[in-house]
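Open the model in your viewer and keep the sequence panel visible. The stops below follow one another by selection, each with a short note on what is there.

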Amino acid sequence: MSEDFRIAIAGIGAVAEMHALSIADIEHATLVGGSCRTEAKGRAFAETYDCEWYSETEPMLEATEPDVLIVCTPSGAHLEPTITAADHGVDVLCEKPLEITTDRIDEMVATADAAGITLGGVFQQRFTDLLGKVHEAAVDSRFGQLSVANAYVPWWRDDEYYDGAWQGTQKLDGGGALMNQSIHGIDAIQWLVGATMDLAPDENPVDEVIAYTARRSHDDEIVEVEDTAVAILRYRNGALGQLLGATSMYPGSLRRIQLAGRDGTAEVLENELVTWQFRDEYPADDDVRVEFGDTGDASGGAADPMDIDYSTHRRNIEAFLSALSDGEPYPLDASEARKAVAIIEAIYKSAKTGQPVRLS
């Protein structure tokens, strides 16, 4: 990547800090502005990251003329800054979820396509070396006929996390433990399973879900959405899966991803490889177990949403900028980022109706 990129951020919250730190580490990228309505927060951000603060996104785009807008507003407010960026011919990289409904995502996509801009998503877990190894094994068909693909996110969030915030509201969060926290695990598992199948680019690897959701550990006056969810997934290749998403399990424990079939199993506990066994061993398998097994790295968002390493955000941003620079497709484009939201929508519908729901 040799092209220089001017980058602005819409929405100055905790995740925007991750993006600002990432941009500072990227040689050919410069943060030129950040927008939010709270002046004190905006000015502090601008001083910390050597950029300009604007109270609204459109004046920021007009004044700074960025190449890329990174959208870090609340989840249910991703559509509007994307439309504004499209109106100014600015490419958009949007934090997860792309939006809180597939209808709003489809409106984003239609707007981006009409304007001729690139719209991409952020799922930084895809950019960890460990999940990258599991994905390579899936692409190489090392699991054989896949039988099971599970994701567990047994986390905890205190009442203070939700109280007075947009998190936990239907309007801006669009859901709870699934749409906000567990969406990373959902995206990871659909990405890994999809790598074992011959799918059209916009085809979801999940065929059907049946699910239950509940609010078990937070007061109704504080949280409007689910803090606990379980689902059974049936994938298009016949494999089955279990999904747990929670912010109700004090004190919170580590996320777990499992992929297994007739010829092998990989199991990841947060940033540590628990199982890496295949019927046909490769010479490098021992090296993989040594590098990623028993790392002692228990970091993650189990109880603290900001207990994360921003290096994967940096890689995610770099991949987007590299695709723009090279004129190549961005692997985490809007149709790909949409898949996790479609799965969550189906889970919510199943929980509401008490019936299995098929994904179109």
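Two strands are taken to pair if DSSP finds at least two bridges between them. The model is a predicted one.

**Stop 1: the parallel strands near the start of the chain**

Select residues 5-10, which form strand β1, together with β2; the two run parallel and are joined by six bridges. To see the register, display I9, which stands opposite G34 of β2. Now add residues 14-25: this is helix α1, through which the chain crosses from β1 to β2, and the β-α-β crossover is right-handed.

Stay with β2 and colour it by accessibility. Residues 29-35 make up this strand, and six of the seven are buried. Next select residues 52-54, strand β3, which pairs with β2 over three bridges in the parallel sense. G34 serves as a marker here too, standing opposite W53 in β3. Adding helix α2, residues 39-49, completes a β-α-β unit of β2, α2 and β3, which is right-handed.

**Stop 2: two positive phi angles**

Select E65. Its phi is near 50°, a positive value in a residue other than glycine. E65 sits in the loop that runs between α3 (57-64) and β4 (68-71).

Then jump to E270, which is not a glycine either and has a positive phi of about 55°. E270 belongs to the loop between β12 (264-269) and β13 (272-278).

Which of these is buried and which exposed? Exposed means over 50% relative accessible area and buried under 20%. E65 has a relative accessibility of 60%, so it counts as exposed. E270 has 9%, so it counts as buried.

**Stop 3: two cis peptide bonds**

Select K96 and P97 and show the backbone. The peptide bond joining them is cis, with omega about -25°. P97 is in the loop between β5 (91-94) and α5 (102-115).

For the other, select Y250 and P251, where the bond is again cis and omega is near 0°. P251 lies in the loop from β10 (240-246) to β11 (256-261).

**Stop 4: the eight-strand sheet**

From that loop, move on to the sheet. Display its eight strands, whose order is β13-β12-β11-β7-β10-β9-β8-β14; the sheet is open and its pairing is mixed. β13 and β14 (357-358) are at the edges with a single partner strand each, so each has one side without a neighbour in the sheet.

Work through part of this sheet pair by pair:

- Select β12 and β11, which run antiparallel and are joined by six bridges. A260 has T265 of β12 as its bridge partner. A hairpin of two residues connects β11 to β12.
- Select residues 146-154, strand β7, with β11: six bridges join them, and they run antiparallel. Here N150 stands opposite Q258 in β11.
- Keep β7 and add β10; these two pair over five bridges in the parallel sense. V148 stands opposite L240 of β10.

With backbone hydrogen bonds switched on, keep in mind that strands of a sheet pair through such bonds, either parallel or antiparallel.

**Stop 5: the second largest pocket**

Switch to a surface view and select R126, W191, P331, L332 and E336. Among the 24 residues lining the second largest pocket, these lie nearest its centre. The pocket volume is about 440 Å³.

Which helices should be shown with the second largest pocket? Display α6 (129-139), α9 (177-194), α11 (311-326) and α12 (334-353), each of which supplies at least two residues of the lining. If you colour the lining by class, 14 residues come out nonpolar, four polar and six charged.

**Stop 6: K339**

Finish on helix α12 by selecting K339. Is K339 buried or exposed? With buried set at under 20% relative accessible area, K339 counts as buried because its relative accessibility is 8%.

Leaving aside residues up to four places away in sequence, K339 touches Q190, P201, D202, E203, N204 and P205. For a sense of scale, draw a distance from K339 to A115: their C-alpha atoms are separated by 23 Å, and the two residues are 224 apart along the chain.

How values were computed
Residues are numbered from 1 along each chain as its sequence is written. This is a predicted model: local features need pLDDT of at least 70, side-chain atom pairs count only at pLDDT 80 or more; totals for chains, interfaces and linings use all residues. Side-chain values use heavy atoms; hydrogens and water are left out. Helices (H or I, at least four residues) and strands (E, at least two) are DSSP runs, numbered from the N terminus. Buried means under 20% relative accessible area, exposed over 50%, partly exposed in between (1.4 Å probe, protein chains only). A crossover is right-handed if, with the strands pointing away from the viewer, the path from the first strand over the helix to the second runs clockwise. On a 1 Å grid over the protein atoms alone, a cavity is a set of points where a 1.4 Å probe fits but cannot get out, and a pocket is an open set with protein on both sides within 12 Å along at least five of seven lines; lining residues have an atom within 4 Å of a point. Grid points are joined across faces, edges and corners, and a volume is the space filled by probe spheres set on the points. Ala, Val, Leu, Ile, Met, Phe, Trp, Tyr, Cys and Pro count as nonpolar, Asp, Glu, Lys and Arg as charged, and the others, Gly among them, as polar. Contact means heavy atoms within 4.5 Å.
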